[in-house]
Amino acid sequence: MKRVVVTDYTFPDLNRERAAAVSNGAGFDTFQCKTEDEVLKAARGADVLVVQFAPVTARVIDALAPNAVILRYGVGYDNIDVTHAIAKNKRICYVPDYCLNEVADHSVSLLLSLLRRLKDLDASLRRQEWQGVKVAGNMKSFEQTNIGFVGLGRIGRAALARLQPFGFRISAFDPKLDEGEAHGLGVAAASLDHILQHSDAIMLHAPLTPQTRHIINADSIAAMKPGAVVINCSRGDLIHEPSLGKALRSGRIRAGLDVFATEPLLPDTPLIDAAESILTPHIAWYSESAISNLQNLAAEEISRALLNRAPRCLIPEFAAV
């Protein structure tokens, strides 16, 4: 009998996933693994490994059944050793589109709130002040505001579509974006240096790779305009948090963050006491319909894997092999 293993999950139930396994004659086991050793013990011999946040290392991959499929609940998959999985012919699937609109909405909401200084204005009013212009400071109109995207994939493009009606001046850096495609999207293709130096706000919508890890660091922050806004609803490790925390506490830049290098946030993180920021607890993905969509799509992928059918969404690295 084939076996489906869910290493960890944060959903109220797994009824849809269980039904997909049972209807295809497979066993179904669930765990709440956090460490590599826990995953290794749970995953041994699994034909379908479904993972949310637990680490899927080379040791775990080696312990899976031949021709096993790994399914990541969600968009990112930096908790999986992709290189080793490819080498061992273990396909990796993911669900990149289940919360596209939610994340786009959240990132744009953070951006607009910071550009219009809603948090600061609200706080001043609660202090019994009536000094809106003083608190707002050097606030630009949206038509005069330069927005720079770092990464322009599915979610980035959804955020772009939401911002364009406001009249922002928008440019984008993405190695996969050429000038012709950028023109069709209504943006200016630009280098990363140009984005950093000329943007009033920077939207991070890039995947986490060795090339993008800490793409926002002390040097890139030093290149930004004073008062620039950084929005990150993608992956926490795109940002070197000590450098960002220092810049936020000094008031040099501002940030809207939904993702962090370590989650949940540690009490001593340099970001907690940074006034020039809005922080949310990795919730950009959430809506009631998004959870349902994620689990439905995961259940369908489980069925495809058990029936040896082509996956709906292989990760790009594997699709290119």
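The legends below describe close-up views of a predicted model.

**View 1. The two domains of the predicted model and the contact between them.** The protein is divided into domain 1, which comprises 3-98 + 288-319, and domain 2, which comprises 100-279. The C-alpha centres of domain 1 and domain 2 lie 32 Å apart. Where the domains meet, eleven residues of domain 1 are in contact with five residues of domain 2.

**View 2. The second largest pocket, between domain 1 and domain 2.** This pocket has a volume of about 570 Å³, and of the 26 residues that line it, Q52, F53, A54, N79 and E263 are the closest to its centre. Because domain 1 (3-98 + 288-319) and domain 2 (100-279) both give residues to the lining, the second largest pocket lies between them. In character, the lining of this pocket divides into nine nonpolar, nine polar and eight charged residues.

**View 3. The open sheet of five strands, with parallel pairing.** The strands follow the order β2-β1-β3-β4-β5, and the edges are formed by β2 (27-30) and β5 (91-94), each of which pairs on one side only. Neighbouring strands of this sheet are turned by 20° against each other on average, when direction is ignored. At the β2 edge, strand β1 (residues 3-6) runs parallel to β2 and is joined to it by four bridges; within this pair, R3 has G27 in β2 as its bridge partner. Helix α1 (residues 15-23) packs on the sheet, where it touches β1 and β2, and the direction of α1 makes about 150° with that of β2.

**View 4. The open sheet of seven strands, with parallel pairing.** In this sheet the strand order is β8-β7-β6-β9-β10-β11-β12. Strands β8 (188-189) and β12 (277-279) stand at the edges with a single partner strand each, so one side of each is left without a neighbour in the sheet. Strand β6 (residues 146-150) and strand β7 (residues 169-173) run parallel and are joined by five bridges, and the bridge partner of G148 in β7 is S171.

**View 5. Helices α8 and α5 against the strands of the seven-stranded sheet.** Which strands does helix α8 touch where it packs on the sheet? Helix α8 (residues 154-163) touches β6, β7 and β9, and the direction of α8 makes about 170° with that of β6. Helix α5 (residues 100-115) lies across β6, β9 (201-204), β10 (229-232), β11 (254-257) and β12, and runs at about 160° to β10.

**View 6. The largest cavity and the residues of its lining.** A search of the whole structure finds one cavity of 30 Å³ or more, and the volume of the largest cavity is about 50 Å³. The lining is made up of S113, L114, R117, L118, K119, D120, R254, A275, E276, S277 and I278. Helices α5 and α6 (118-126) and strand β12 each supply at least two residues of this lining, with the largest share, three residues, coming from α6. By residue type, the lining of the largest cavity divides into four nonpolar, two polar and five charged residues. Two of the elements in this view also appear in the preceding one: α5 is the helix that lies across β12, among other strands, and both elements contribute to the lining of the largest cavity.

How values were computed. Residues numbered from 1 in each chain as written. Predicted model: local features only at pLDDT ≥ 70, side-chain atom pairs only at ≥ 80, totals over all residues. Heavy atoms only, no water. 1 Å grid on protein atoms, 1.4 Å probe; cavity = no way out; pocket = protein on both sides within 12 Å on 5 of 7 lines; lining within 4 Å. Points joined across faces, edges and corners; volume = space filled by probe spheres on them. Nonpolar A, V, L, I, M, F, W, Y, C, P; charged D, E, K, R; others polar. Domains from an automatic or database assignment. Pairing = 2+ DSSP bridges. Contact = heavy atoms within 4.5 Å. Axes fitted to C-alpha atoms, helices over the stretch in contact; angles between N-to-C directions.
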